[in-house]
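I opened a new structure today and wanted to get my bearings. Here is what I looked up, in order.

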Amino acid sequence: MRLAGGVGDAQHVTAEVASMVAPFETEILARIDGVTTCFEPMSFATQVVAGTNYFVKIRVNAGTNEHVHVRIFCPLPCTGQPPQLHESFQYPKSEDDAVHAF
């Protein structure tokens, strides 16, 4: 059983999560400042707070199997606010690195 405020298990990315990540592609790629060959969200985990944190693993280089982990915060619907890309991210990561809270 997950504790209140804890991070859930990693899941394969859904169409909903992929569409939430897509608008941030340019900003994410600029942050890692490297050569990228793809932008493919792979998996995610969530944490319910006053909204939801999405911790997303994104493949950015198929040739070297590089990934980046990002956090996107989705405020509660009643706020009317859009999803927000958090400043912190983790790079480089590999396919084997688990997605977790950061």
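I started with Tyr54, whose bridge partner in E4 is Ile72. A note to self: this is a predicted model, where local features need pLDDT of at least 70 and side-chain atom pairs count only at pLDDT 80 or more, while totals for chains, interfaces and linings use all residues. Residues are numbered from 1 along each chain as its sequence is written, and side-chain values use heavy atoms, with hydrogens and water left out.

Next I checked how the strands pair (DSSP must find at least two bridges between them; strands are DSSP runs of E, at least two residues, and helices runs of H or I, at least four, numbered from the N terminus). E3 and E4 run antiparallel, joined by 10 bridges. Their hairpin has 4 residues in between, and Asn65 in that turn has a positive phi of about 60 degrees. On the other side of my list, E2 and E3 are antiparallel too, with 9 bridges, and 1 residue links them in a hairpin.

How many residues of E3 are buried (under 20% relative accessible area, 1.4 Å probe, protein chains only)? I got 11 of 11.

Then I looked for aromatic pairs (ring centres within 6.5 Å; planes under 30 degrees apart are stacked, over 60 edge-to-face, the rest tilted) and found 2. Phe44 and Tyr54 have ring centres 6.1 Å apart and planes at 35 degrees, so I logged that pair as tilted. Phe44 sits in E2 and Tyr54 in E3, 10 residues apart. Phe44 is buried at 5% relative accessibility, and Tyr54 is buried at 15%.

Definitions and conventions
Phe/Tyr/Trp six-rings, centres within 6.5 Å; stacked < 30°, edge-to-face > 60°. Buried < 20%, exposed > 50% of the residue type's maximum accessible area, 1.4 Å probe, protein only.
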